[in-house]
Amino acid sequence: MCILNENCGVAGAVSFRNENVLLYLYWALVTLNHRGHQSYGILTYSGDFRIFKDLGLIADLDFQKLSFWNEVLPGSLGIAHVRYATSGKFSKVQLLADAQPCIVEDGSFRLALAYNGNIANVLVLRRSLQSRGVNFHGTSDAEVLAHVLMDRVKVEGDFVEGVRSLMKEVDGAYSVVGVTGDGRLFAFRDPYGIRPLTYGFDDKRKLLFIASESVALQVNNIPYERFLKPGELMLINDNDFQCYSINHGDECLCAFEYAYFARPDSILTNNRYVFEVRRELGRRLARKYSEISSRVDVIVPVPQTAVDAAYGFHEEIGKPIEPIIFRHRYVRHRAFIMSVEERAFILSKKYNILLDRVAGKRVALIDDSIVRGDTLKHIVLILKRAGAREVHVFSTFPKIISPCFYGIDMATFHELVGFRRSEEEIARILNADSVNYQAISDFCDAVGHDRLCLACVTGKYPTPYAQALADKARSEALSGCKLSGRIVEMVG
C-alpha cells in the first residue's frame, strides 16, 4: 500500500514521588515512533516549562545525550509527542516550528499541549481567533487547538468547563495531553473517541502514565488499566486524580488503527492484541473469497502490517507464505506532495522482491488496505514480469471511497483509487487478476464490535462539520473539479 501518514503519538506522565519523568517519556516516544517520523518533542514541568524539540526520529539518541537531557529537562510531570504532518506546511523550518508540544500564553495564563488527530473546522477556528487578535507562530492545527482551549478556560473561569466548551466548538479527532502553567497534567479525548488514548499506574500507583498505545506503557513496565472514554477528561493536581465525563457521543474509534497504524502488540479494545484482529481479518478474506483463495499456490504479504493477516489467510487455506517482498526501511517519502513521476521513481527503489519465487505460480497478494494503489500497481507489475501466472490482491480493509478528516493523509476524493470504481475497474488499473476487499461486516466482526469510524469506506462521518466538508468536496469531485491539497485547509 501507499505509506500513509498520521498525526501522531502522544505521552504524558506524572510521578507522585516527585521523580524525574524524562526517561519514561523518552522510551514511550521510541515505542511510538511508528506514529510519527518527522519531528518529536518533550516538555517537562518543574515550576516552569522545559522543552526540547527536533526533527527526525527520536530513537537515534545515545545514553550520553539521554543523561544530559535528564539534567536539563527536570520535572515530575511532562508530556511528549511524535509527529507526522497532516496539517500545516512541510519545509524543515516550518516542521520544526510546528513540532509539538506547543506552548501558548496570554498574560499570566500559560499551557502546553500535544495531541493526536486532526481538526476538521480548523479554518473557521483560526479565523475566529485571528479576528480576536491571536497571532499564530506556526501553521498546524495543534496551535489552534491550544489557543481554543486557553480561550475557553479563561472565558469559563474553570478548566473542566473550558474543556466542555471546547468539545462543543471543535469538530474533529483529538486525543490530548497537556500541562497547565500552574503544574497540572491533563488529558482528554474528543466526544467520539476517534483516536486512542490509554493510561495506567505503576504497581505502587505512584506513577501515572498516559499514551496513544498500550505498548508505550508496557515498555515502561506500567500495566495498562483502561482507555479514556470518549469525551472524558482526566485532571491531575499533585496527588489528586479526577476523571470527568464531559461530553460523549457514540464511540467511533478509527478503524484504520486496526488495519495499519497501531503496533501489532498494542491493545485497542476488548483486551485483544492488534495482531490477533489482523490474523482474523486474513482468515475472513480467505473464507469470503474461497473460490479464488483455494486456487492460489502461494501467499505473499506486502510488508509490514499485512504479515499477520497473511498468516491468518495461510491458516485458513493451508497454502505456504512466501515473504518475498522486502521494504527498504530508510527509503521514505511523502507521497501526498510528490508528482506522479517522483512517486514512481521512489517506488522503484523502495522494495526488493525475490522474483525467482513466483514464476508460474498463482499469487495471493495480501495488503492491509488500498488507498491510491500506486504501490500495489508497482508490485503487481513486477510479479507479472517475473512470470507469476496470476496475481490476486486481497485487502484486509474495506474499499476506501472517501477522504479522512481525522488525521490520516487521504486528502481528496480523486486520489483514492476506490472512488467511483468497481473492483473490476480497480483490478484493471492495478493489472491484477482480481481485487478482493474485506466486507465491512466481517471487519467489525473481526474487531469484535462496530463502534468504529468507517467514514473513509461509508462516507458517513461522526462529526457534522466533517460531513459537510465531505459532501461539498464530493459534489465538486463529481462535477469534475480536482482539489489539490487537504480539503480541511482549503474548504471552509
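**Sheets, cores and cysteines of the predicted model**

No disulfides are found in the structure, the count being 0 when a disulfide is taken as a pair of cysteine sulfur atoms within 2.5 Å. C404 is in no disulfide, and the nearest cysteine sulfur, that of C254, lies 6.0 Å away. C404 counts as buried at 15% relative accessibility, and C444 is likewise buried, with a relative accessible area of 10%; here buried means under 20% relative accessible area, exposed over 50%, and partly exposed in between (1.4 Å probe, protein chains only).

The model is predicted: local features need pLDDT of at least 70, side-chain atom pairs count only at pLDDT 80 or more, and totals for chains, interfaces and linings use all residues. Residues are numbered from 1 along each chain as its sequence is written, and side-chain values use heavy atoms, with hydrogens and water left out.

Two open sheets are described in turn. In one of them, 4 strands are arranged in the order β17-β20-β21-β22 with parallel pairing. Strands (E, at least two residues) and helices (H or I, at least four) are DSSP runs numbered from the N terminus, and two strands pair if DSSP finds at least two bridges between them. The edge strands of this sheet are β17 (298-301) and β22 (434-437), each of which pairs on one side only. From one strand to the next the twist averages 25°, with axes taken as lines fitted to C-alpha atoms, for helices over the stretch in contact, and angles running from 0 to 180 degrees between N-to-C directions.

Within this sheet, β17 and β20 pair in the parallel sense over 4 bridges, and V300 has L365 of β20 as its bridge partner. Strand β21 (residues 390-395) is also joined to β22 in the parallel sense over 4 bridges; there, S395 has Y437 of β22 as its bridge partner. Helix α11 (residues 307-317) packs on the sheet and touches β17, β20 (362-367) and β21, its direction making about 165° with that of β17. Contact means heavy atoms within 4.5 Å. In a regular strand the side chains alternate between the two faces of the sheet. Both faces of β17 are covered, V298 and V300 on one side and I299 and P301 on the other all being buried.

The other open sheet contains 6 strands in the order β5-β6-β7-β8-β12-β13, and its pairing is antiparallel. Its edges are occupied by β5 (102-106) and β13 (240-245), each with a single partner strand, so one side of each is left without a neighbour in the sheet. The twist averages 20° from one strand to the next. Strand β8 (residues 185-189) and strand β12 (residues 232-237) are paired in the antiparallel sense over 4 bridges, and F188 stands opposite L233 in β12.

In soluble globular proteins, nonpolar side chains tend to be buried together. A nonpolar core is defined as a set of buried Ala, Val, Leu, Ile, Met, Phe, Trp, Tyr and Cys residues joined through side-chain atoms within 4.5 Å. The largest such core has 45 residues, of which F256, F397, I400, M410, F443 and L452 touch the most other members. Elements that each supply at least two residues of this core include β14 (253-254), α9 (274-288), α15 (440-447) and α17 (464-478). A second, separate core of 32 residues includes V122, L125, V176 and L235.

A buried polar position is found at S165, in helix α6 (residues 159-169), where the relative accessible area is 13%. Apart from its neighbours within four places in sequence, S165 is in contact with R152 and E156.
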